[in-house]
Amino acid sequence: MTGEEKEYFDAGHRACGGCGPALAARLITKAAGENTIVVASTGCMEVFSTPYPETAWKTPWVHSLFQNAAAVASGVEASIKKQGRSEKVVVIAGDGATFDIGILCISGLFERGHDVTYICYDNEAYMNTGIQRSGATPYDADTTTSPAGKLSTGNKRPKKDIPAILAAHGSPYVATASVAYPADLMKKVKKAINTEGPCYIQVHTPCCTGWGFDGAKTMDIGKMAINSGLWVNFEMEDGVVTKAKKVKREPVDAYLKSQKRFRHLYRPAENTEEIAKIQAIADNNAEKYGIDIKMPDKN
Amino acid sequence: MLQIMEGSHAVAEAVRLSRPEVVSAYPITPQTHIVERLAEMVADGDLDAEYICVESEFSALSSCLGAACAGSRVYSATTSQGLAFMAEVVFNVAGMRQPVVMTIANRALGAPLNIWNDHQDSLFLRDSGWMQMYAEDAQESMDLHFLAYKAAENYDVLLPAMVCFDGFILTHTYEPVDIPTQEEVDSFLPAFKPYQRLDAKDPISFGMYATPDYYQEFRYEIHAAMIKAKKVLREVGQEFSETFGRDYSELVEGYRLDDADVAIVAIGSICGTIKDAVDEMREAGRKVGLLKIRSFRPFPYEEVRTALSGVSKVAVLEKNISIGSRMLGAVGLEVKDAVGKQGADVYSYVGGLGGRDIRKRDIQKLADWAEQGRNDCFFGLREELL
Ligand SMILES: Cc1ncc(C[n+]2csc(CCOP(=O)(O)OP(=O)(O)O)c2C)c(N)n1
Ligand code: SF4
């Protein structure tokens, strides 16, 4: 196991039972340790962890707005640098805050090269405001602003490739991780905070409420995403993919069927055409990151 | 040391002498000369600060907020579209009680796009919880920064401050300025001691969310701090006067007001022109005076009331318009409230928008209009365009 004993994200928060982002917060802060300043964005995590006068955070924590965590972190970093202090600055922000509204500030932070680790907890929609689509929402997911209907099969666009965008900014370290693989996530967090310059980690954080599954299954859902190839855990160093988690891939069906957000693809009848498109996304990921475990040739 | 210098450079000098540890700003006309000069100072080692070259005004103020929370004295500057773009953060900085100081090189807001001076930009953020001071000339533009930092960082206040000075009219004009020494400024403005800061040795949470059970008290406390800021501003003004010999002990300044029947009230650089106009009217035997308001937030109601207690008519010159308001402008609304029902008649007159020139004869006209009891007036309108 990982060996860390101390908790910096307390048990007394108000997240849904089985919340992926809450688990991510715990693992990230555990890995980052006590010499860390956390900068947050508005969203589910901010709301469930800091209802005044309570706070779940045992590291210094600051939140200002939905879209400016990266800019606030830039200032925090500049300030502690000027004061000759040694804390690490870690942003923990939602996918909406990262993919959509905050991208201007993030681009600025990465281009300026601040020594900040930016971690996006990716629950693939705006959960705090009631499950609306974001640029991280997967193709065909049913959300309140990309509802499946008579003329719609849900979200029309594939996930925006933020890791590639930030790698293109010259980030020395970009990685994806999943709460379903805690040791891997923690290892990556440590690597990022110990790498000088702006690093990015995108953590897959299943959201039982927004995706529609039983909160006891968060880890299973996370693993299914990886096994399907719809989520790939990889690392990029100086813009080059250096590692990707290999899997013996399974068809996307099991993952899709496990969540209400894809239920419309199976009702009233199975929508083979759309499911095939989602399978193609997974196949494309597998090819791009080379994640398929090839069975040894029997002959 | 007396030196002839551009207004923007006087401000940059004031900022340097205030020793901010983090400077973060984005260029916009007519603020640019300030931030360019500060960048030069940092590049030459004359200002020992982190200069964050942000990608937008939104990030400029956000990064100042982060740096302030982490325990640094910070500085930014902007105007008009930049300030509007920051608006969300403007409220947030005040709500989070961070003593950020920001210069506003006042400029009109679009549309239509216009780079010239009026006061719409800062007044639009009147209710954000920032102190707002308005300078008449380059010297005052400089001095107000020292007062702003000192008042903002006072633990009874802990509110951010905007130092407003008129775009082009002051930013791009050369005037003699008396620059204090670093020792003088240091003795007036000691190093920043944050009330609380982000610190791994003593972790606390900043900027949490508050339910209806708590939110209202936060807003009340900001309001109460702004009221207290009046006293603090007078005290630091008094202390400034003793150190530097320039009198800022009051938040208003009367000019030939003692025996006046008509008072013209204004903020900013136009007060200079008004003083000349008042002199001319006095020579012609008219009992006219000026009341210059230096601090718009906190608003010095008592001082305004006292200063205007002897006059019967008040003409407020507004370089802003509160669209659809009966009083037309933000300044007149406050003055009318300060004077009260038993006091003088208060009229507010809008002009000088988007840089339209205001001349001495315009000011005479305002005095005439107030004497005649005319209300709801724009001056300097080109009727042929309407
Ligand atoms: C400028 C602005 N627009 C909209 C909102 C409303 N809002 C608050 S949080 C949020 C969505 C957050 O989504 P995400 O970043 O994915 O975090 P999650 O809630 O999923 O944890 C929205 C739309 C806001 N606070 N500020
Ligand atoms: S809605 Fe989702 S992200 Fe929000 S607390 Fe519940 S499980 Fe967590």
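Trainee: Hi! How many residue pairs are in polar contact between chain A and chain B?

Mentor: Hi! The count is 19 residue pairs, both partners being at pLDDT 80 or more. Keep in mind that this is a predicted model.

Trainee: Got it. Which elements of chain A supply residues to that side?

Mentor: Strand S1 (36–40), H2, strand S2 (61–63), helix H3 (69–83) and helix H5 (103–112) each give at least two residues to the side of chain A that touches chain B. The largest share comes from H3(A), with 11 residues.

Trainee: And what's the mix of residue classes there?

Mentor: On the side of chain A that touches chain B there are 17 nonpolar, 15 polar and nine charged residues.

Trainee: How many salt bridges are there between chain A and chain B?

Mentor: The count is three. In one case, A:Arg112 bridges to B:Glu55, and their closest N and O atoms are 2.9 Å apart.

Trainee: Nice. How much area do the two chains bury?

Mentor: About 3,100 Å² between them, with 63% of it on carbon and sulfur atoms. In chain A, the residues that lose the most area to chain B are A:Tyr52, A:Lys82 and A:Arg112, together 21% of what that side buries. So A:Arg112 turns up twice, since it also forms the salt bridge with B:Glu55.

Trainee: How many residues are in contact on each side?

Mentor: 41 residues of chain A are in contact with 40 residues of chain B.

Trainee: Do strands come into this too? In what sense do S2(A) and strand S9 of chain B pair, parallel or antiparallel?

Mentor: S2(A) and S9(B), residues 205–206, pair in the parallel sense, over two bridges. In that pairing, A:Trp61 stands opposite B:Ser205.

Trainee: Switching to ligands: where does ligand 1 lie?

Mentor: Ligand 1 lies between chains A and B. There are 18 residues around ligand 1, and A:Gly96, A:Ala97, A:Tyr121, A:Met127 and A:Asn128 come nearest.

Trainee: What are the distances from the backbone of A:Gly96, A:Ala97 and A:Asn128 to ligand 1?

Mentor: A polar backbone atom of A:Gly96 is 2.8 Å from an oxygen atom of ligand 1. For a backbone N or O atom of A:Ala97, the distance to a ligand oxygen is 2.9 Å, and for A:Asn128 it is 2.8 Å.

Trainee: And what surrounds ligand 2?

Mentor: Its surroundings include A:Cys16, A:Cys19, A:Cys44, A:Phe48, A:Cys207 and A:Cys208. The shell has eight nonpolar and two polar residues, with no charged ones.

Trainee: Which helices supply that shell?

Mentor: Helix H2 (44–49) and helix H8 (208–211) of chain A each supply at least two residues. H2 also gives at least two residues to the side that touches chain B.

Note on methods
Residues numbered from 1 in each chain as written. Chains lettered and ligands numbered in written order. Predicted model: local features only at pLDDT ≥ 70, side-chain atom pairs only at ≥ 80, totals over all residues. Heavy atoms only, no water. Near = heavy atom within 4 Å. Helix = DSSP H or I, 4+ residues; strand = E, 2+ residues; numbered from the N terminus. Nonpolar A, V, L, I, M, F, W, Y, C, P; charged D, E, K, R; others polar. Contact = heavy atoms within 4.5 Å. Buried area = accessible area lost by both parts, 1.4 Å probe. Salt bridge = Lys/Arg side-chain N within 4 Å of Asp/Glu carboxyl O. Polar contact = N/O pair within 3.5 Å; in protein donor to acceptor, adjacent residues only side chain to side chain. Pairing = 2+ DSSP bridges.
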